[in-house]
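Biologist: Before I plan anything at the bench, could you take me through this model residue by residue, giving the cut-offs as you go?

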Amino acid sequence: MLNNLKFNDQGLIPSIAQDYRDGTVLMMAWMNRESIEKTLATGEAHYWSRSRSQLWHKGATSGHIQKVQQLFYDCDGDTILLKVEQVGDIACHTGARSCFFNAVPISVTEF
């Protein structure tokens, strides 16, 4: 599976964590080969922290781990989708359930 993935020049690939029960998009984070291997070996999400330049076990300090139920990669092999059970129902470092809470109003104009 890892050979089918297309990592960027930094050896990273974007990954989306989605609630496996209701489909809510929880967060986006980067993964590298090591974090994917660790995720597959443990069944819990591991990511690569670009700011700290280190492996990051999601929820290791907060207790809000992500138990991976399914892992997919897209048709181009350049994005990963993790369907997870979000323990504690908080995925965002702000304390929110999802990192995607900044809604932008859309107005459609007809031509």
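Modeller: Let us begin with an acidic side chain: Asp19 has 8% relative accessibility and therefore counts as buried, where buried means under 20% relative accessible area, exposed over 50% and partly exposed in between, with a 1.4 Å probe and protein chains only. This is a predicted model, in which local features need pLDDT of at least 70 and side-chain atom pairs count only at pLDDT 80 or more, whereas totals for chains, interfaces and linings use all residues. Residues are numbered from 1 along each chain as its sequence is written, and side-chain values use heavy atoms, with hydrogens and water left out.

Biologist: With which residue does Asp19 form a salt bridge?

Modeller: Side chains of opposite charge can pair when their charged atoms come close. The term salt bridge is used here for a side-chain nitrogen of Lys or Arg within 4 Å of a carboxyl oxygen of Asp or Glu. For Asp19, the closest N and O atoms of the pair are 2.8 Å apart, and the partner is Arg97.

Biologist: How many residues apart in sequence are the parts that this pair ties together?

Modeller: Asp19 belongs to strand 1, while Arg97 is in the segment after strand 6; helices (H or I, at least four residues) and strands (E, at least two) are DSSP runs, numbered from the N terminus. Because the two residues sit in these parts of the chain, the salt bridge ties together parts that are separated in sequence by 78 residues.

Biologist: Which residues are joined into one network by salt bridges that share partners?

Modeller: A search of the whole structure finds three salt bridges. Arg97, which is partly exposed with a relative accessible area of 26%, also meets Asp22 at 3.0 Å, N to O, and Asp89 at 2.8 Å, N to O. Asp22 is partly exposed at 48%, and Asp89 is partly exposed at 39%. The network formed through shared partners consists of Asp19, Asp22, Asp89 and Arg97.

Biologist: Turning to the interior, which strand gives the most residues to the largest nonpolar core?

Modeller: A nonpolar core is a set of buried Ala, Val, Leu, Ile, Met, Phe, Trp, Tyr and Cys residues joined through side-chain atoms within 4.5 Å. The largest one has 16 residues, of which Met27, Met31, Ile36, Tyr47, Ile80 and Leu82 touch the most other members. Strand 1 (13-19), strand 2 (25-31) and strand 6 (80-86) are the elements that give two or more residues to this core. The greatest contribution, four residues, comes from strand 2.

Biologist: Which residues does Ile36 touch, not counting those up to four places away in sequence?

Modeller: Contact means heavy atoms within 4.5 Å. On that basis, and with residues up to four places away in sequence set aside, the partners of Ile36 are Met1, Leu2, Leu5, Phe7, Ile13, Met31 and Ile80.

Biologist: What kind of aromatic pair do Tyr47 and Trp56 form?

Modeller: A search of the whole structure finds one aromatic pair, counting rings of Phe, Tyr and Trp (its six-membered ring) whose centres lie within 6.5 Å, with planes under 30 degrees apart called stacked, over 60 edge-to-face and the rest tilted. Tyr47 is buried at 1% relative accessibility, whereas Trp56 is partly exposed at 24%. Their rings are 5.2 Å apart centre to centre, with 45 degrees between the planes, and the pair is tilted.

Biologist: Is Thr39 buried or exposed?

Modeller: Thr39 is found in helix 1. Its contacts, not counting residues up to four places away in sequence, are Met31, Glu44, Ala45, His46 and Val68. With a relative accessible area of 2%, Thr39 is buried.

Biologist: Which residues form a nonpolar patch on the surface?

Modeller: Patches are made of residues with over 30% relative accessible area and no salt bridge, like charges being joined within 9 Å and nonpolar side chains (Val, Leu, Ile, Met, Phe, Trp, Tyr) within 5 Å. Leu40, in helix 1 (residues 33-42), counts as exposed at 52% relative accessibility. The nonpolar patch has about 280 Å² of accessible area together (areas come from the Shrake-Rupley method with a 1.4 Å probe, and for residues only the protein chains shown count as cover). Its members are Met1, Leu40 and Tyr73.

Biologist: How far apart are the C-alpha atoms of Leu71 and Leu82?

Modeller: Leu71 has its place in strand 5 (residues 66-73) and is partly exposed at 23% relative accessibility. Leaving aside neighbours within four places in sequence, Leu71 is in contact with Met1, Leu40, Ile80, Leu81 and Leu82. Leu71 and Leu82 are 11 residues apart along the chain, and their C-alpha atoms are separated by 4.7 Å.
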